[in-house]
Amino acid sequence: MLAKLSTRPAVRRCAVTATAAATLLAAGLPTATADAGRPDLSRFYRQKIAWTKCKGADVPVDLQCGKVTVPLDYARPRAGTLDLALARYEATGARRGSVLLNFGGPGGAGVSELAADAKDFMDLTNGYDVVTFDPRGVGRSSPVSCGDDSGGASTATDEDADLSHPQAVLRQLKKAADQCVRHSGPVLAHIGTVNAARDLDVIRQALGDKKLNYLGFSYGTRLGAVYAAQFPQKVGRLVLDGVDTLTEPMSEQGIAGAAGQQKALDDFVDWCVKDIACPFGQDAREAGERVVQLVHSLDTDPVPTDLGQEFTGQDLVGAIAQALYSQALWPSLERALAQLVEDGDTRGVMGFATGGAAPPVRGESGGGLVDEDEVPPDNLPAALTAINCADDPDRPGADRITEDLARLRAEYDQASPVFGHYRLTELLMCYGRPKGTDFIRDKVRDVHSAKMLLVGTRGDPATPYRWTVETAQRLGPSAVVLDNRGEGHTGYASSKCVHQKVDDFLLYGTLPPTGSSCGPYEEDQ
């Protein structure tokens, strides 16, 4: 899943920075873990966050920033550390603790997202400090990168790639993986959701909360579920919106995602052709074909951008994918596509491709957090690939890929003539990387924790509703499902009904009955 990012369509190149420091308290958790023969993590659990006002133009005046320090390797906590960037809005009502947000991705930087658009979460400040963070490898928290020339996998899956010589394809994929290692540093070997969930627990303790209250979107639901499996007794009020799969291999996830995005694109096209300004005409079938032709044309002959880079068909696919997450973005997407088709102007679609807008926030302290101008432009896709690969134990060898590549490309193209190539590239980017963990697939099940609220949206283009049902069954009786019978990726920002039920649970502990639903026109069912 791509990140659930801001609906503001402007270029996002600046990550959020902050004036921040973390201090270690003299008193803290006991060192029982070390006494039991486990690594001693007590120094990380003794942290207290020093919050300061975030600095930077156009940054909300009441946004505060900070950091926590976590071990690079939880098995060897003395082998190095990472700093994670945090941001919060303080509670305005009677404070009952913090609620931690993850906006999705994987690879979405939480701090810049909260700085860009926090209006949907302000009601939660009636009871909570609203907190978010940049996960390890993301944003200012030791960001991973694959460098400026990281298109090996994309080139390997091009329609004109010579699949009769698969070894050349595999060499391109291995080259791409090696570039990511060279440009990312030591965090790449320790990225992934299992470690990120352990980071959540360090953050929870540093915030002073006995239990984790959490609202995760899209990929953030995977992170929340893994946390619940690792720390079931530390689960407070936990909400998962746009629920990710815990069991399907990446190959099946990619096909499901491509099909869901194609349906959302078809819905957009049906809407667009009713407007005389639609750049693809007024016939839906022909308009759909013209979208495919535009993607192919840009892949063959990219157009230059104001930044001096080339804008390809796959860049356009990524932009469209982001815009289809919300129907509220359709008018902006229509205008951006018209600018591209009629004038060759890429600025509008590049706004979607880079995920929205974030005000640059500046800080004075380093402490392991990179400055805003040091966040690589490719951090989001690089982190998305790295985390997904780290979470997936399937790593087919050269012989298997050689045998399956043509079939996979045909299956992905059948699922979507627009998004198939893009999704297949994401899958093949794992070739040449170490095998991922089997913890999520094998261990995240039958979680004996406090009740968790899972929100699934029937028309979600990225996380099919069936994943919500399957994940709830896998988690066990602690999972309560809210059926959102609407459209778009996730429900909290688009459905007043979902928004109210989630807030009621987080603020007051009121869960909807199992089987409750929200209708497409906001009425309760």
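Begin the tour by selecting W271, which is partly exposed, with a relative accessible area of 31%, a value that falls between the cut-offs of 20% for buried and 50% for exposed. Keep in mind along the way that the model in the viewer is a predicted one.

**From W271 to its partner**

Next, add W330 to the selection and look at the two rings together, since W271 and W330 form an aromatic pair. A pair of aromatic rings is described by the distance of the centres and the angle of the planes. Here the centres are 5.7 Å apart and the planes stand at 50° to each other, so the pair counts as tilted, because that class holds the angles that are neither under 30 degrees nor over 60. Is W330 buried or exposed? With a relative accessible area of 10%, W330 is buried, whereas W271 is partly exposed. The pair links distant parts of the chain, for W271 belongs to helix α8 and W330 to helix α11, and 59 residues separate them.

**The two helices**

Now widen the selection to helix α8, residues 250–272, and helix α11, residues 330–343, and turn the view until both axes can be followed. The axes come within 11 Å and cross at roughly 80°, which makes α8 roughly perpendicular to α11. To see what lies between them, show the side chains of A264, D267, F268, W271 and C272 on α8, together with W330, P331, L333, E334 and L337 on α11, as these residues make the contact. Colouring them by kind gives 8 nonpolar residues, no polar ones and 2 charged ones.

**Another stop on α8**

Stay on helix α8 and select Q261, which counts as buried at 2% relative accessibility. Which residues is Q261 in contact with, once its neighbours within four places in sequence are left aside? They are A321, L324, F419, R423 and P461, and showing them around Q261 completes this stop.

**More rings**

For the next selection, take F103, F121, F217 and Y492, which ring pairs link into a cluster. The count of aromatic pairs comes to 9, and the pair of W271 and W330 is one of them.

**The whole chain**

Finally, zoom out to the protein chain, where 18 helices and 14 strands can be traced. Of its 525 residues, 59% are buried, and the accessible surface comes to about 21100 Å², with 50% of that belonging to carbon and sulfur atoms. Among the contacts between residues at least 6 apart in sequence, 76% join residues at least 24 apart.

Technical notes
Residues numbered from 1 in each chain as written. Predicted model: local features only at pLDDT ≥ 70, side-chain atom pairs only at ≥ 80, totals over all residues. Heavy atoms only, no water. Helix = DSSP H or I, 4+ residues; strand = E, 2+ residues; numbered from the N terminus. Buried < 20%, exposed > 50% of the residue type's maximum accessible area, 1.4 Å probe, protein only. Contact = heavy atoms within 4.5 Å. Areas by Shrake-Rupley, 256 points an atom, 1.4 Å probe, with all protein chains shown as cover. Axes fitted to C-alpha atoms, helices over the stretch in contact; angles between N-to-C directions. Parallel < 35°, antiparallel > 145°, perpendicular 65-115°, else oblique. Nonpolar A, V, L, I, M, F, W, Y, C, P; charged D, E, K, R; others polar. Phe/Tyr/Trp six-rings, centres within 6.5 Å; stacked < 30°, edge-to-face > 60°.
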